[in-house]
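Subject: Handing over a structure, with notes

Dear colleague,

I am passing on the structure shown below, and after it I describe what I found, one part at a time. Please keep the display open while you read.

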Amino acid sequence: MQRNLTALTKDLYPAEVFPFLTQESILTENDVDVINAETTRRQQAFLLVTTLYRKGPKAFSVFVEALKDSHQH
């Protein structure tokens with residue numbers, strides 16, 4: 001995930017994956033609030049990806065599913 005951080009933050013729309021990630025208990029409502037507090041979509045995407053990195057290995061596979069679910073793959 002870190003290797004592709006630039007591409008991910010360029011093309012990712014965090015709001016579209018939040019529902020799936022919260023449904024799967026990867027993100028909390030607080031995580032979403034903190035990410036949404038960033039001023040630009042790209043900053044939000046960067047914070048989302050770095051937050052997912054800290055959430056452990058399951059977070060990445062759920063994130064991939066969230067991308068597919070939101071048609072961002």
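To begin with helix α5, its 13 residues should span 18 Å at 1.5 Å a residue, and its end C-alpha atoms are 19 Å apart, which agrees. Please bear in mind from the outset that this is a predicted model, and that what follows describes that model.

Within α5, the buried residues are A59, V62, F63, A66 and L67. These residues cover an arc of only 150° around the axis, which puts them on the same side of α5. The face turned away from this buried side carries the exposed residues P57 and K58, while the buried residues themselves pack against α1, α2 and α4. Between these two classes falls E65, which is also found in α5, a helix that runs over residues 57–69; at 40% relative accessibility E65 counts as partly exposed, because that class lies between the 20% limit for buried and the 50% limit for exposed. E65 and A7 are 58 residues apart in sequence, and their C-alpha atoms are 18 Å apart in space. Just after α5, H71 takes a positive phi of about 60°.

Helix α4 can be described in a similar way. Its 14 residues should span 20 Å at 1.5 Å a residue, and the end C-alpha atoms are indeed 20 Å apart, which agrees. The buried residues here are Q44, A45, L47, L48, V49, T51 and L52, and they pack against α1 (5–11), α2, α3 and α5.

Three residues of α4 may be worth looking at one by one. Q44 is buried, with a relative accessible area of 15%, and, leaving aside its neighbours within four places in sequence, Q44 is in contact with P14, I35, N36 and E38. T51 is buried as well, with a relative accessible area of 6%, and T51 touches L27, D31 and I35, again not counting residues up to four places away in sequence. T50, also in helix α4, counts as partly exposed at 23% relative accessibility, since buried would require a value under 20%. T50 and L5 are 45 residues apart in sequence, yet 8.7 Å apart in space, C-alpha to C-alpha. Just after α4, G56 takes a positive phi of about 100°.

Turning to α3, the residues D31, V32 and I35 are buried. Seen down the axis of α3, its buried residues fall within an arc of 100°, so they line one face of the helix. On the other side of α3, E29 and N30 are exposed, whereas the buried residues pack against α2 and α4.

How do these helices come together in the interior? As a general point, nonpolar side chains tend to be buried together in soluble globular proteins. In this model the largest nonpolar core has 20 residues, and those with the most contacts inside it are L12, L21, L27, L48, L52 and F63. The elements that give two or more residues to this core are α2 (18–23), α3 (29–36), α4 (41–54) and α5. L21 gives a view of how such contacts are made: leaving aside its neighbours within four places in sequence, L21 is in contact with I26, L27, L48, L52, V62, F63 and A66.

Two further matters concern the backbone and the aromatic rings. Most residues other than glycine have a negative phi. S25, however, has a phi near 60°, a positive value in a residue other than glycine. S25 is placed in the loop between α2 and α3, and with a relative accessible area of 63% S25 is exposed, because this value is over the 50% limit. As for the rings, the count of aromatic pairs comes to zero, although R41 lies over the face of Y13, at 4.5 Å from the ring centre.

If you would like a place to start, I suggest L21, with its contacts to I26, L27, L48, L52, V62, F63 and A66, and then the buried side of α5, which holds A59, V62, F63, A66 and L67.

With best wishes

Conventions
Residues are numbered from 1 along each chain as its sequence is written. This is a predicted model: local features need pLDDT of at least 70, side-chain atom pairs count only at pLDDT 80 or more; totals for chains, interfaces and linings use all residues. Side-chain values use heavy atoms; hydrogens and water are left out. Helices (H or I, at least four residues) and strands (E, at least two) are DSSP runs, numbered from the N terminus. Buried means under 20% relative accessible area, exposed over 50%, partly exposed in between (1.4 Å probe, protein chains only). A nonpolar core is a set of buried Ala, Val, Leu, Ile, Met, Phe, Trp, Tyr and Cys residues joined through side-chain atoms within 4.5 Å. Contact means heavy atoms within 4.5 Å. Rings of Phe, Tyr and Trp (its six-membered ring) pair if their centres lie within 6.5 Å; planes under 30 degrees apart count as stacked, over 60 as edge-to-face and the rest as tilted. A charge sits over a ring if NZ of Lys or CZ of Arg is within 6 Å of the ring centre and within 35 degrees of the ring normal. The arc is that of the directions from the helix axis to the C-beta atoms. The expected span of a helix is 1.5 Å times one less than its number of residues.
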